[in-house]
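This report concerns the structure shown below. It addresses annotated spans, a surface patch and model confidence.

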Amino acid sequence: MNVSAALFVLDLVGVFAFAISGNLLAARKNFDITGGVVLGFLASLGGGIIRDVILGQTPTALRDPIYLLIPLLAALIVYFIGRHTERARLPIVVADAAGLALFCTTGTIIALENGMNIYGSIMLGIITAAGGGLMRDVVANEIPAVFSGSELYIIPAFSGALLAVLGHQTGIWNTWVTIGAAGFVFAFRLIAWFRGWRAPGSMRDWTYRGVGAGMRRTASAFRAPVRRGRSTGEDDATGTGDERPPSSAQ
């Protein structure tokens, strides 16, 4: 099997894996089958569509009907396994890791084959791998795995994209190297999930968990500062004061 055919097959496997993860998440959320199809489509095709649009070409998912059939097949499979999906957390993570591993490598190679530079190809590989899962989680009202501090997601995808670039640039890239790189990312992602490895927080030695419950219930961090009445002559620049309407005269 030549590299082009291998990329096509592995891309389809990645689509199926991500579609399964989307449908399992829908089942776990008690969505109907339509919701499962939507989450499956977003997870499996979203990242690739973004990549192809950036590359200036018609998305592969819209040119080849098989890409649209695979999420439907995944929805039917999840539908018929029915009652076994209430404990679907582990299968969701495994399917998601498989999709991540395959898409970060194939997405990077597709970008390189279309003339994208090394740095752009790594970025598009990560977008291909993480974009669909991000959309799936947002639509399902989940904290996206990309942003979760309890697990590594982008780092395994970056490592797979980097391996793909190294293999392509040194001329050793072939089907078996593709599978090996994807296997490394798959193992990396699952080991990180099982062992609870996490990336450093946004600020050193500080976490929002330490903030009082009252502060957590305040409005959005991007809200406008609350202005106090002119009688006080002060502005509440921090936005922590309460704005109360004036009491009516008795």
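## Annotated spans, nonpolar patch and confidence

Residues 94–112 are 100% helix and 0% strand, and the C-alpha atoms at their ends lie 28 Å apart. Helices (H or I, at least four residues) and strands (E, at least two) are DSSP runs, numbered from the N terminus. The model is predicted: local features need pLDDT of at least 70, side-chain atom pairs count only at pLDDT 80 or more, and totals for chains, interfaces and linings use all residues. Residues are numbered from 1 along each chain as its sequence is written, and side-chain values use heavy atoms, with hydrogens and water left out.

The unreviewed UniProt entry annotates "transmembrane region" at several spans, including 94–112, 151–169 and 175–194; such annotations may be inferred rather than shown by experiment.

| Span | End C-alpha separation | Helix | Strand |
|---|---|---|---|
| residues 94–112 | 28 Å | 100% | 0% |
| residues 175–194 | 29 Å | 100% | 0% |

I154, F158, L162, L163, L166 and F184 make a nonpolar surface patch of about 490 Å². Helix 7 (residues 154–170) gives the most to this patch, with five residues. L166 is found in helix 7 and counts as partly exposed because its relative accessibility is 46%, the class between buried (under 20%) and exposed (over 50%), with a 1.4 Å probe and protein chains only.

The average pLDDT, the predictor's confidence in each residue from 0 to 100, is 80 for the protein, and 75% of the residues score at least 70. Residues 231–244 have pLDDT below 50, with 13 contacts in the model beyond near neighbours in sequence, where contact means heavy atoms within 4.5 Å. Residues 246–250 also have pLDDT below 50, with zero contacts beyond near neighbours in sequence.

Methods
Patch = residues over 30% accessible without salt bridge, like charges linked within 9 Å, V, L, I, M, F, W, Y side chains within 5 Å. Areas by Shrake-Rupley, 256 points an atom, 1.4 Å probe, with all protein chains shown as cover. Salt bridge = Lys/Arg side-chain N within 4 Å of Asp/Glu carboxyl O.
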